[in-house]
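Hi everyone, thanks for making time. Please pull up the structure on your screens, and we'll walk through it together.

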Amino acid sequence: AEGVVDIMKSEDGLTTAMIEVNAETDFVAKNAGFQEFVKGVLRTIIAKKPANLEELNTLPYDGTDVTVEAEVKNQIFKIGENISIRRFLLVEGVTGTYIHGSGVTGVIVVADTCPCNKDNAAIAEVTKNCCLQIAAMAPTYLDKESVPASAIEAEKEILMTQIKNDPANAKKPENIIEKMVVGRISKFYDTNCLLEQDYVKDDSIKVGKYVESVAKESGVEFKLKAFYKYEKGEGLQKREDDFAAEIDKLVKGAN
């Protein structure tokens, strides 16, 4: 569950790759050789554009005659602990990126705009600020339209159960309860949709309004199209070393 999340852009700035490479301990993440290995895998991904991990493993590592899979084994031998490439993604188009905490979190925000705007200062500022927003506030969806109907139905069922189980609502008619659910669904959007969240740098406006205002002021047409976020070790069980048990084992072995 240790390791790093890292991001790299192509030379023309229109292809962005993000990767998570895991290791057993956090010491490896600080190893210069390991960090360069991760950069090499990113360069391979950008150059060859593999469709999945299986294809990536078969590709020549960073222009060498060694495959990515073989180089992983080389790194395991050099470092002395297990490492693995867990996941990666490739994004085409104008993007903003952010790496938090030396590889703890990685975020990519994609702007819906002409490729000629890849160096536009206003778009760069908005996408960067939205990356920071995502890292801090952890939205699940871009906007209301991105939320699957199944997610809303599941949320409605949860809210309906909570409201009906509250003794204070026991005598309220069904239509009032339904209105309460609608109100709470609105809060669900405010929490889970990026463009509906309060903007962290100015909580008097929503993120969506912030993006619109910058686009209007700059005179450049752009919207946000998508975002991607990797959390290092997300969903993985972290290794816990029991030093007392380890010492006891060594002592018993010596005896």
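Let's start with a hairpin: strand 6 and strand 7 form one, with 2 residues between them. When I say strand or helix, I mean a DSSP run, numbered from the N terminus: helices are H or I with at least four residues, and strands are E with at least two. Strand 6 covers residues 198-199 and strand 7 covers residues 202-206, and 2 bridges join these antiparallel strands. Two strands count as paired if DSSP finds at least two bridges between them. If you'd like one bridge to click on, aspartate 198 has lysine 206 as its partner in strand 7.

A word on what you're looking at: this is a predicted model, where local features need pLDDT of at least 70, side-chain atom pairs count only at pLDDT 80 or more, and totals for chains, interfaces and linings use all residues. Residues are numbered from 1 along each chain as its sequence is written, and side-chain values use heavy atoms, with hydrogens and water left out.

Now to the sheets. Strands 1, 2 and 3 make an open sheet in the order 1-2-3, with antiparallel pairing. Its edge strands, each pairing on one side only, are strand 1 (2-9) and strand 3 (83-92). From one strand to the next, the twist averages 15 degrees. Angles here run from 0 to 180 degrees between N-to-C directions, using lines fitted to C-alpha atoms, for helices over the stretch in contact. Helix 2 (residues 32-48) packs on this sheet and touches strand 1, strand 2 and strand 3, with its direction at about 40 degrees to that of strand 1. Contact means heavy atoms within 4.5 Å.

Look at strand 1 and strand 2 (residues 15-23): 8 bridges join them, and they run antiparallel. One of the partnerships is isoleucine 7 with methionine 18 in strand 2. The hairpin of these two strands has 5 residues between the strands, and glycine 13 there takes a positive phi near 75 degrees. Is strand 1 mostly covered or mostly open? It is mostly covered, with 7 of its 8 residues buried. Buried means under 20% relative accessible area, exposed means over 50%, and partly exposed is in between, using a 1.4 Å probe and protein chains only.

There's another open sheet, where 3 strands follow the order 4-5-8 with antiparallel pairing. Strand 4 and strand 8 are the edge strands here. Strand 5 and strand 8 are joined by 8 bridges and run antiparallel. For example, aspartate 112 has lysine 223 as its bridge partner in strand 8.

What about the inside? The largest nonpolar core has 24 residues, and those with the most contacts inside it are Val109, Val126, Leu194, Val211, Phe222 and Leu224. A nonpolar core is a set of buried Ala, Val, Leu, Ile, Met, Phe, Trp, Tyr and Cys residues joined through side-chain atoms within 4.5 Å. Two or more residues each come from strand 4 (94-100), strand 5 (105-112), helix 5 (121-137), helix 8 (207-218) and strand 8 (223-231). Helix 5 gives the largest share, 6 residues. A second, separate core of 23 residues includes Val4, Met8, Val38 and Val68.

Arginine 87 is a nice one to zoom in on: this residue lies over the face of tyrosine 230, at 3.9 Å from the ring centre. To count, NZ of Lys or CZ of Arg must be within 6 Å of the ring centre and within 35 degrees of the ring normal.

Finally, two backbone oddities. Most residues other than glycine have a negative phi. Yet aspartate 62 has a positive phi of about 50 degrees, and serine 102 has one of about 55 degrees. Where do they sit? Aspartate 62 is in the loop between helix 3 (53-58) and helix 4 (68-79), while serine 102 is in the loop between strand 4 and strand 5. Why does aspartate 62 count as partly exposed? Because its relative accessibility is 28%. Serine 102 is exposed, because its relative accessible area is 73%.

That's my tour, so over to you for questions!
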